Amino acid sequence: MEKISEGKTKEVFSLDNEHVLLRFKDSVTAGDGAKADIIDGKGILNAQTSALLFRLLERDGIETHYVGMKDERTMIVKRLAMIPVEVVLRNYATGSIVKRLPIKEGEAFNPPIVEFFLKDDARHDPLLNYHHMRHLKLMNEEEARLVEEVMVRVNQTLSKVISKMGLILYDFKLEFGRVNGRLVVGDEISLDSMRVRDPTGRILDKDLYRKGYPLDQVKASYVEFLDRLRSVA
Ligand SMILES: Nc1ncnc2c1ncn2[C@@H]1O[C@H](COP(=O)(O)OP(=O)(O)O)[C@@H](O)[C@H]1O
Ligand SMILES: [Mg+2]
């Protein structure tokens with residue numbers, strides 16, 4: 001099968017005109033690829049987590065690229081013309097926003113904050129506004145507003161299931177693509193792209209890896225999250 005592209009954590013293969021395969025690798029990276037390791041089985045965990053969450057979004061009427069699974073680490077998805085923008089929704093402050101702005105770690109955002117970043121590791125994913133996105137032909141203002149509305153709906157679905165698990169969704173990142181003039185949620189939704197904590201503040205997501213915790217501890221947390229998700233979803 002023809003490999004179309006390979007990123008830091010997934011390979012993309014051509015399936016037919018309308019579909020591609022996303023194969024989740026066991027790699028884990030941070031700092032725009034500056035730090036990288038292998039965690040055996042992580043690809044399966046993230047593929048399974050993503051598939052389950054995409055199905056929940058579809059159930060709530062949000063269009064995603066998810067079609068089905070080819071094997072335990074390979075997702076069949078609609079072929080999208082990806083927009084190289086990372087869209088982030090924040091319920092609680094952590095990560096880059098507390099470095100960039102006078103906002104304290106853990107501060108709540110009501111309503112949530114949505115931010116756009118250019119997917120450009122070499123430039124460390126710079127923040128974008130509507131003007132930048134229009135000039136760079138990434139999306140127009142109308143599309144950006146639509147994307148913000150989808151982010152809020154996705155947040156409702158994800159926050160609800162994560163709260164059923166006794167956990168808190170701090171923030172998450174989505175990537176969107178186009179097909180037949182529609183904007184569709186693509187890529188993945190996993191602990192690589194969400195920040196999830198328990199009520200005591202214990203971190204369950206990729207921040208464990210970013211902060212240098214042992215790889216087996218990072219994996220155990222990904223396993224625990226998927227187990228708890230399966231038990232409530
Ligand atoms: N439905 C889709 N159709 C086409 N490409 C996709 C789809 N979903 C995700 N992709 C792309 O797959 C590529 C590989 O993923 P990943 O390894 O996460 O890359 P990166 O390191 O650039 O984040 C990314 O460029 C992502 O945008
Ligand atoms: Mg990626």
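**How the two domains meet**

In this predicted model, the C-alpha centres of domain 1 and domain 2 sit 17 Å apart. Domain 1 runs over residues 3-78, and domain 2 takes in residues 81-214.

So much for the layout; next comes the interface itself. On one side, 26 residues of domain 1 are in contact with domain 2, which brings 24 residues of its own to the meeting. Put together, the two domains bury about 2,200 Å² between them. Carbon and sulfur atoms account for 55% of that buried area.

Polar and charged pairings also show up here. Between domain 1 and domain 2, 18 residue pairs are in polar contact, counting pairs with both residues at pLDDT 80 or more. The salt-bridge rule picks out 5 salt bridges across the interface of the two domains. As for individual salt bridges in the model, E63 pairs up with R182, and their closest N and O atoms are 2.8 Å apart.

Which elements give two or more residues to the side of domain 1 that touches domain 2? They are the strands β3 (19-24), β4 (27-30) and β5 (35-38), along with the helix α1 (42-59). It is α1 that supplies the largest share of this side, with 8 residues. Sorted by class, the side of domain 1 that touches domain 2 is a mix: 10 residues are nonpolar, 8 are polar and 8 are charged.

Methods: Residues numbered from 1 in each chain as written. Chains lettered and ligands numbered in written order. Predicted model: local features only at pLDDT ≥ 70, side-chain atom pairs only at ≥ 80, totals over all residues. Heavy atoms only, no water. Domains from an automatic or database assignment. Contact = heavy atoms within 4.5 Å. Buried area = accessible area lost by both parts, 1.4 Å probe. Salt bridge = Lys/Arg side-chain N within 4 Å of Asp/Glu carboxyl O. Polar contact = N/O pair within 3.5 Å; in protein donor to acceptor, adjacent residues only side chain to side chain. Helix = DSSP H or I, 4+ residues; strand = E, 2+ residues; numbered from the N terminus. Nonpolar A, V, L, I, M, F, W, Y, C, P; charged D, E, K, R; others polar.
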